[in-house]
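Could you walk me through this protein, a piece at a time? I'd like to know what packs against what, and where the odd spots are.

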Amino acid sequence: MPRSRLLALTIGISIVLGLAIWLISSVAGLYSQILWASGSPLLANLLLLLILIVVGVLIAVLVSYLQPLWKPKRKRRRHSPKPPQTKPEAVSQTLEAVRKQVTHIHDEVTRRVLLSRSREIEANVARGDVQIVVFGTGSAGKTSLVNALLGRVLGRVSAPMGTTQEGATYALKLKGLTREVIITDTPGILEAGIAGTERGEMARRLATEADLLLFVVDNDISLSEYEPLKVLAVMGKRSLLVFNKIDLYTDEDREAILAKLRSRVKSFIRPRDVVAATANPLPVELETGEQFSPDPDIMPLVRRIVAVLRAEGEDLIADNILLQSQRLGDETRRLLEMQRRRQAEKIVDRYQWIGAVAIACTPVPGIDLLATAAVNAQMVVELGKVYGCELDMERGRELALSLGKTLVSLGVVKGAIQAVATALQFHLGTLLVGKAVQGVTAAYLTRIAGKSFIEYFRQDGDWGDGGITEVVKRQFQLVKKEAFMKAFVKDAIAKVVEPLQMEARLEEDEGYEYEDEYFEEFASSDRSPSPTDLVFDDRQEDIEDDWETSRDRREEW
């Protein structure tokens with residue numbers, strides 16, 4: 001309770017109790033006097049009633065004032081949003097959160113890209129098409145498979161690796177499905193060169209947006225193919241593994257490869273979702289010598305696609321859109337976190353050197369005060385503002401003082417002084433180390449404190465399971481690393497030590513200027529110097545020698 005309120009409460013209670021005691025002690029006498037003077041019991045009773053009403057009002061006022069003090073304060077409950085009941089509701093809530101977070105992103109281009117992607121997801125929700133993406137290496141026959149599914153040639157068959165430069169999208173009609181199916185042919189993965197790597201990244205991005213993924217191979221799956229397939233499956237992508245070009249193998253080899261494929265991917269793909277196909281069979285020479293081109297053998301794959309979409313189509317679409325919205329939310333939070341961290345680190349960097357110069361110029365006695373001075377309350381307030389936590393200066397001082405005490409109790413201050421002194425002596429010898437060590441140590445401690453508060457605000461004002469002690473210890477271990485100390489000492493020399501050196505030179509230079517003026521004034525006069533005239537270093541030396549020495553030293557500067 002504030003002191004002013006406690007004082008007012010004490011005075012109020014004293015007055016009320018005093019009035020009550022006075023009334024109780026004198027009410028009987030007053031009653032008898034009024035009754036004797038007036039001779040009317042009614043008038044005496046009315047006056048007594050009035051006195052009782054006044055006392056009652058005073059007691060009621062006192063009780064109403066004291067009531068909040070003995071009632072426990074109820075914590076304000078945060079109105080958490082109602083959990084979504086359906087996947088579309090979850091998508092809507094996620095996109096709404098994304099839009100709110102996007103408003104805090106400073107970069108205009110990034111903000112527009114994120115908003116555009118959120119609108120694309122909303123359009124997908126409204127349209128409700130089934131997105132099938134064909135994914136795999138460049139030589140596995142993806143384009144041939146798409147052509148066979150479409151029933152007509154829309155892309156180059158037997159194309160060399162790298163032909164599909166970007167995702168090509170087509171509409172596919174399948175019997176028994178009311179929704180339109182959109183099928184996308186992607187560039188091949190695992191291609192050589194910078195351009196091949198870029199196409200592979202595009203293919204992976206398209207694959208993450210699929211409702212149903214067709215991963216195409218033309219032999220037993222390699223490790224380089226297995227890893228991206230597993231990543232997509234773990235992410236939640238519903239996948240079919242298509243063993244293409246089976247016409248190149250004998251029946252025995254074909255069954256052996258199918259068995260291997262099913263065994264290798266059984267942890268994340270069902271055996272019946274590993275399907276054999278021939279999208280572009282090789283021509284066969286007839287007995288007459290003519291060339292015959294067999295039809296593609298893809299009906300097992302078509303039947304499996306239709307079965308999956310009939311049974312799981314609605315869920316696949318909802319799951320995919322929800323996954324896309326969650327990934328967009330994660331990316332938005334990551335970008336916002338990076339922006340906030342950059343802002344917060346600039347604040348810490350600014351305050352550490354401001355405090356360092358101030359303390360170096362006016363050293364603080366005692367390590368307790370040094371720790372308190374290093375943790376600036378205004379820095380805490382500004383860091384909180386970056387992370388959306390509005391603090392007043394009183395709360396900032398409380399947090400700063402708490403962390404300052406932790407720095408002292410853990411021995412971080414002593415360790416910092418030792419580390420800084422050793423590093424400065426290594427770089428500067430003993431030059432100005434004594435004067436600079438407290439300032440640089442303050443910067444070092446401010447760095448630890450600032451980084452600790454960044455973690456505190458990142459976790460919504462929570463120090464975590466280990467509390468403030470674990471956070472401070474972790475940050476101290478980070479700044480003790482050799483790579484950081486080298487860069488830190490380099491900055492400290494530039495921002496603290498060199499200004500101190502410059503200040504010392506200016507002071508000495510001003511002393512020489514004053515000395516020269518003194519001797520020039522004396523040389524132009526006829527009087528002899530008194531002992532008090534020779535004020536430099538309390539030495540009484542020959543005036544001319546001092547004058548010449550001073551001039552030589554100025555010329556040296």
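**Two helices that meet**

Let's start where Ser402, Leu403, Thr406 and Leu407 of α12 come up against Ile468, Thr469 and Val472 of α15. Sorted by class, that contact holds four nonpolar residues, three polar ones and no charged ones. A pair of packed helices is described by the angle between the two axes and the distance separating them. Here, α12 (residues 393–409) and α15 (residues 467–479) pack at about 65 degrees, and their axes are 10 Å apart. The crossing of these two helices is right-handed. Keep in mind as you look around that this is a predicted model.

While you're on α15, have a look at Gln475, which sits in that helix. Is Gln475 buried or exposed? Its relative accessible area is 6%, under the 20% cut-off, so Gln475 counts as buried. Setting aside residues up to four places away in sequence, Gln475 touches Ile448, Lys451, Ser452 and Glu455.

Now step back into the loop that runs between α14 (433–458) and α15, where you'll find Asp460. Asp460 has a phi near 60 degrees, a positive value in a residue that isn't glycine. Most residues other than glycine have a negative phi. Asp460 is also exposed, because its relative accessibility is 72% and the cut-off is over 50%.

**The chain as a whole**

Zooming out, the protein chain has 17 helices and eight strands. Of its 557 residues, 38% are buried. Take the contacts in the chain with a separation of 6 or more: residues 24 or more positions apart account for 72% of them.

Lys175 gives you one example of a contact between residues far along the sequence from each other: Lys175 and Val306 are 131 residues apart in sequence, yet 8.1 Å apart in space, C-alpha to C-alpha. Lys175 is in the loop between β2 and β3. With neighbours within four places in sequence left aside, Lys175 is in contact with Val306 and Arg310. Even with those contacts, Lys175 is exposed, at 79% relative accessible area.

Tyr226, in helix α7 (residues 223–235), is another one to click on. Tyr226 and Arg264 are 38 residues apart in sequence, and their C-alpha atoms are 8.6 Å apart. Beyond neighbours within four places in sequence, Tyr226 is in contact with Ile221, Arg264, Val265, Ser267 and Phe268. With a relative accessibility of 17%, Tyr226 falls under the 20% limit and therefore counts as buried.

**A covered helix**

Next, go to α5 (residues 142–150). How many of its nine residues are buried? The count is nine of nine, so by the under-20% cut-off this helix is mostly covered. The buried residues include Lys142 and Asn147 as well as Leu145, Val146 and Leu149. The cover over them includes the strands β1, β2 (168–172), β3 (181–185), β4 (212–217) and β5 (238–243), along with helix α9. Right after α5 comes Gly151, with a positive phi near 80 degrees.

If you follow β5 onwards, you get to the loop between β5 and α8 (251–264), and that's where Lys245 sits. Lys245 is another residue other than glycine with a positive phi, near 65 degrees. At 27% relative accessible area, Lys245 is partly exposed.

**The largest pocket**

Last stop: the open space. Rolling a probe the size of a water molecule over the atoms shows where empty space is left. The largest pocket has a volume of about 620 Å³. Its lining is made up of 24 residues, and those nearest the centre are Glu120, Arg205, Leu206, Glu209 and Gln324. The elements that each give two or more residues to this lining are α4 (108–127), β1 (130–136), α6 (193–208) and α9 (299–361).

Which element gives the largest share of the lining? That's α9, with seven residues, and α9 is also part of what covers the buried residues of α5. As for chemistry, the lining residues of the largest pocket split into seven nonpolar, eight polar and nine charged.

Note on methods. Residues are numbered from 1 along each chain as its sequence is written. This is a predicted model: local features need pLDDT of at least 70, side-chain atom pairs count only at pLDDT 80 or more; totals for chains, interfaces and linings use all residues. Side-chain values use heavy atoms; hydrogens and water are left out. On a 1 Å grid over the protein atoms alone, a cavity is a set of points where a 1.4 Å probe fits but cannot get out, and a pocket is an open set with protein on both sides within 12 Å along at least five of seven lines; lining residues have an atom within 4 Å of a point. Grid points are joined across faces, edges and corners, and a volume is the space filled by probe spheres set on the points. Helices (H or I, at least four residues) and strands (E, at least two) are DSSP runs, numbered from the N terminus. Ala, Val, Leu, Ile, Met, Phe, Trp, Tyr, Cys and Pro count as nonpolar, Asp, Glu, Lys and Arg as charged, and the others, Gly among them, as polar. Axes are lines fitted to C-alpha atoms, for helices over the stretch in contact, and angles run from 0 to 180 degrees between N-to-C directions. A crossing is left-handed if the near helix is turned anticlockwise from the far one by less than a right angle, and right-handed if clockwise. Contact means heavy atoms within 4.5 Å. Buried means under 20% relative accessible area, exposed over 50%, partly exposed in between (1.4 Å probe, protein chains only).
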